[in-house]
Amino acid sequence: MHPVLFDLHLGRLGSFTVGTYGLFYALGFLLALRLAVFYARREGIETARIVDLGIVALLAGFVGAKVVLYLLTPRVYLADPMEMIRSLRSAGVFYGGFLFASLAAVLYVRRHRLPLGRVADLMAPPLALGQAVGRLGCFAAGCCYGKPASVPWAVTFTDVYAARTTGTPLDTPLHPSQLYESALAFLLFLGLLWLSDRKRFPGQVVLSYTVGYSVIRFVLEYWRGDLDRGSFFGGALSTSQLIAIVLVLGAAALWPRLSRKGAPPPAAA
């Protein structure tokens with residue numbers, strides 16, 4: 001674990017910490033954006049619009065991840081408002097970011113009259129790739145850590161800075177839940193790439209992403225140790241698991257409708 005790359009000392013201006021998480025977050029975003037631009041060019045969609053869309057989604061996602069985190073644990077931030085500032089160094093709640101980014105993206109696409117289904121499809125594989133890279137940053141920072149484990153591949157964090165900023169348990173073998181998700185998100189990315197050239201209707205790729213990632217996240221929650229993000233039904237489901245169920249049901253409801261709407265017309269006799 002290496003949460004801090006280096007500190008920049010700026011004289012009277014103080015110092016600035018460059019974190020590994022931020023580096024991987026930026027790298028994941030840039031890789032995802034580059035891939036989205038490639039797909040947009042192939043689809044004949046204006047690439048400048050896709051770049052702007054990526055920036056809008058990034059900013060909305062960052063805000064959403066934090067807002068949902070604050071809403072799920074209000075007592076923590078009401079007791080110590082400065083904790084809101086300190087929490088900016090952590091990832092927040094991914095699904096909060098996903099929902100905010102999705103809403104902002106839909107509004108942007110509608111405003112600029114872009115084809116929603118096609119744009120959503122071309123953004124889905126890059127999103128999975130960005131997650132795969134970003135979770136490596138989570139691993140380096142120690143956030144989104146796993147439960148105590150006795151498996152041979154368990155990891156032990158020792159950096160005091162990580163414990164102070166994200167609450168990572170130190171000197172305790174844990175499931176590397178960040179690496180689990182990174183690997184599964186990359187496999188999902190490969191599957192979406194394969195599907196992108198074989199889809200039967202606009203929207204199929206993004207619905208497949210929604211179902212695939214929701215299943216991944218639902219299962220991985222059982223290995224996550226940072227479960228102070230809210231729970232439902234007496235702790236039976238975490239917030240992320242509940243949202244995953246809702247998203248799968250929503251995707252299942254949309255699938256037949258979009259499939260019928262986007263199916264090619266029958267061949268003339």
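Begin with the whole protein chain coloured by secondary structure: this predicted model has 10 helices and six strands. Of its 269 residues, 41% count as buried, and the accessible surface comes to about 14600 Å², of which 68% belongs to carbon and sulfur atoms. If contacts are displayed for pairs with a separation of 6 or more, residues 24 or more positions apart account for 66% of them.

Next, select D197 and R42, whose side chains meet in a salt bridge with an N to O distance of 3.2 Å. Because D197 lies in the loop between helix 8 (177-196) and helix 9 while R42 lies in helix 1 (residues 20-43), the pair ties together parts that are 155 residues apart in sequence. The two partners differ in how they are classed, since D197 counts as exposed at 52% relative accessibility, whereas R42, at 45%, counts as partly exposed. This is one of eight salt bridges that the structure holds.

Staying with helix 1, add E43 and R118 to the selection, and a salt bridge between their side chains appears at 3.3 Å, N to O. This pair also links distant parts of the chain, with R118 in helix 6 and E43 in helix 1, 75 residues apart. R118 is partly exposed, with a relative accessible area of 30%, and E43 likewise counts as partly exposed, at 28%.

For a contrasting setting, select R217, E221, R224 and D226, which are linked in a network of salt bridges. Within this group, R224 forms a salt bridge with E221, the closest N and O atoms being 4.0 Å apart. Are these two partners buried or exposed? R224 is buried, with a relative accessible area of 4%, and E221 is buried as well, with a value of 2%.

From there, move to S214, which is found in helix 9 (residues 204-220) and counts as buried because its relative accessibility is 2%, under the 20% cut-off. Leaving aside residues up to four places away in sequence, S214 touches Y95, Y209, A244, L247 and V248.

Now turn on the surface and select R110, R257, R260 and K261, which form a positive patch. Helix 10 (residues 239-262) gives the largest share of this patch, three residues. R257 lies in that helix and counts as exposed at 57% relative accessibility.

A nonpolar surface patch can be shown by selecting Y25, F62, V63, L99 and F100, which together make an area of about 420 Å². The elements that give two or more residues to this patch are helix 2 (47-72) and helix 5. L99, placed in helix 5, is partly exposed, with a relative accessible area of 39%.

Finish with the backbone at two loop residues. Most residues other than glycine have a negative phi. R113, however, has a positive phi near 55°, and its place is in the loop between helix 5 (94-111) and helix 6 (116-141). At 79% relative accessibility, R113 counts as exposed. The other residue to select is D171, which has a positive phi of about 60° although it is not a glycine; D171 sits in the loop between helix 7 (160-166) and strand 4 (173-174), and counts as exposed at 60% relative accessibility.

Terms used: Residues numbered from 1 in each chain as written. Predicted model: local features only at pLDDT ≥ 70, side-chain atom pairs only at ≥ 80, totals over all residues. Heavy atoms only, no water. Patch = residues over 30% accessible without salt bridge, like charges linked within 9 Å, V, L, I, M, F, W, Y side chains within 5 Å. Areas by Shrake-Rupley, 256 points an atom, 1.4 Å probe, with all protein chains shown as cover. Lys, Arg positive; Asp, Glu negative; His and termini not counted. Charge placed at Lys NZ, Arg CZ, Asp CG, Glu CD. Helix = DSSP H or I, 4+ residues; strand = E, 2+ residues; numbered from the N terminus. Buried < 20%, exposed > 50% of the residue type's maximum accessible area, 1.4 Å probe, protein only. Contact = heavy atoms within 4.5 Å.
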